[in-house]
Amino acid sequence: MCCWCCCLECIHNIPPFSLLSLHFSDRALPGGEETAASRPASMASISVPDPVPSATEDAENIRKAVQGWGTDEKALIEILGHRTAAQRAEIAVAYEGLYNETLLDRLHSELSGDFRSAMMLWTMDPAARDAKLANKALKQKGDRHVWVLIEVACASSPDHLVAVRKAYCAAYSASLEEDVAACPFYKDPLKQARPPPFLVRLVSSYRYSGELVDDELARAEAAELRDAVVAGKQPLHGDVVRIVSSRSKPQLKATFERFRQEHGKAIDDVLEERRSDLLAAMLKTAVWCLASPEKHFAEVIRSSIVGLGTDESSLTRAIVSRAEVDMKKVKEEYKVRYRGKTVTSDVNGDTSGYYNGILTTLVGPE
């Protein structure tokens, strides 16, 4: 079975790194943070050496780690696990120029299992990674796969979502919107018969990214949301879809705060009371990803670990996708919600070997 992003067919659907590296021309990271190439975002959990080696030096050291008998997995973690997305893109371009093979092809041939999946997801351009995750989610049925689409649409910046949609078109010769609309797994109620469909609207949105908030609009739309989610109406009727899929994140935070003030409960708490309703559950996921993504990803990590067995795909996705964005916030939320437990301690308790090594490197110290 094809794991996340680690089969050769999947690799060869990814646009060349020489093109993907253009995504970093203005240093736009998935969470919308504008940073220099050598400096992680303030809430990122990864550490980068100072001074950082050149991309050519890193590519040469990676080559040494994968040549000969056996692979130096620790060296791969030490190099790639301590570089920003822009730096990893430069390393990939340097590696291909020096050795006439792609870095992803080499990692695929040298590594295996969950460690390979994590290393390849981490090494990919973030927009191409999210495009791949979305495409995989569209081929699998279940609530957790719907989470992926909502994460891609709501837990990143508007510019990153545009980059994901471009990467998706380049990889699959189709738009993300049309594939979501055509997906057989997301028929009613998620992909409602009457337009506009919730998931399609989310993945095709382009939100205002400024800080301007209209307080009167927040008051009016809080009332509309209250009528939908408190009065027992359809939680994803047209007005709710319009509000959640189009308003800026600061505007939505103001609306959700007005909802809490007037109703006496936060909107996510009200939706949690209706958790047996699939539509309410999906709306709650969108609310969290838009207003408090650390809450959602803390829950993804915890739910991937508790119970029988480990959901490695979800665990890897959550850690890899937030390590450069807001993993520090995720770790803080995790401690508060799960009574002092830490992401690191739970990851250590459920994973081992080099797979554990790359995850704990990305999570950072606690």
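**Exercise 1. Is Asn100 buried or exposed, and what is its relative accessible area?**

Solution. Start with the ground rules. This is a predicted model in which local features need pLDDT of at least 70, side-chain atom pairs count only at pLDDT 80 or more, and totals for chains, interfaces and linings use all residues. Residues are numbered from 1 along each chain as its sequence is written, and side-chain values use heavy atoms, with hydrogens and water left out.

Step 1: take the classes. Buried means under 20% relative accessible area, exposed over 50%, and partly exposed in between, with a 1.4 Å probe and protein chains only.
Step 2: apply them. Asn100 has a relative accessible area of 73%, so Asn100 is exposed.
Step 3: place the residue. Asn100 sits in the loop between helix 5 (85–99) and helix 6 (103–110). Helices here are DSSP runs of H or I with at least four residues, numbered from the N terminus.
Step 4: check the backbone. Asn100 is not a glycine, yet its phi is positive, about 55°.

**Exercise 2. Find where Ser173 lies, and give its phi and its accessibility class.**

Solution.
Step 1: Ser173 belongs to the loop between helix 10 (158–172) and helix 11 (176–182).
Step 2: phi of Ser173 is near 50°, which is positive in a residue other than glycine.
Step 3: the relative accessibility of Ser173 is 71%, so Ser173 counts as exposed.

**Exercise 3. Test the length of helix 17 against its expected span, then judge its burial.**

Solution.
Step 1: the expected span of a helix is 1.5 Å times one less than its number of residues.
Step 2: helix 17 (residues 278–291) has 14 residues and should span 20 Å. Its end C-alpha atoms are 20 Å apart, which agrees.
Step 3: turn to burial. Twelve of the 14 residues of helix 17 are buried, so the helix is largely enclosed by the rest of the structure. Among them are Leu279, Met282, Val287, Trp288 and Cys289. Lys284 and Thr285 are buried too.
Step 4: recall the geometry. An α-helix has 3.6 residues a turn, so residues three or four places apart point the same way.

**Exercise 4. Why is there no disulfide between Cys154 and Cys289?**

Solution.
Step 1: set the criterion. A disulfide is a pair of cysteine sulfur atoms within 2.5 Å.
Step 2: compare. The closest cysteine sulfur to that of Cys154 is in Cys289, 6.0 Å away, which is too far for a bond. Cys289 is in no disulfide.
Step 3: check the total. The structure holds zero disulfides.
Step 4: add the surroundings. Cys154 is buried, with a relative accessible area of 0%. Cys289 also counts as buried, at 0% relative accessibility.

**Exercise 5. Count the cavities and describe the lining of the largest cavity.**

Solution.
Step 1: define the object. On a 1 Å grid over the protein atoms alone, a cavity is a set of points where a 1.4 Å probe fits but cannot get out, and lining residues have an atom within 4 Å of a point. Grid points are joined across faces, edges and corners, and a volume is the space filled by probe spheres set on the points.
Step 2: count. There are five cavities of 30 Å³ or more. The largest cavity has a volume of about 130 Å³.
Step 3: list the lining. The largest cavity is lined by 15 residues, and Asp130, Glu151, Phe297, Ser321 and Arg322 lie nearest its centre.
Step 4: sort by class. The lining has seven nonpolar, three polar and five charged residues. Ala, Val, Leu, Ile, Met, Phe, Trp, Tyr, Cys and Pro count as nonpolar, Asp, Glu, Lys and Arg as charged, and the others, Gly among them, as polar.
Step 5: assign helices. Helix 8 (126–137), helix 9 (143–154) and helix 19 (312–322) each supply at least two lining residues. Helix 8 gives the largest share, four residues.
Step 6: assign domains. Domain 2 (126–206) and domain 4 (294–363) each provide at least three lining residues. These bounds come from an automatic or database domain assignment.

**Exercise 6. Give the C-alpha separations of Arg116 from Tyr354, and of Pro40 from Ala323.**

Solution.
Step 1: Arg116 is in helix 7 (residues 113–123). Arg116 is buried, at 17% relative accessible area. Arg116 and Tyr354 are 238 residues apart along the chain, and their C-alpha atoms are separated by 9.3 Å.
Step 2: Pro40 lies in the loop between helix 2 (17–20) and helix 3 (55–66). Pro40 is partly exposed, at 23%. Pro40 and Ala323 are 283 residues apart along the chain, with 9.4 Å between C-alpha atoms.

Technical notes. On a 1 Å grid over the protein atoms alone, a cavity is a set of points where a 1.4 Å probe fits but cannot get out, and a pocket is an open set with protein on both sides within 12 Å along at least five of seven lines; lining residues have an atom within 4 Å of a point.
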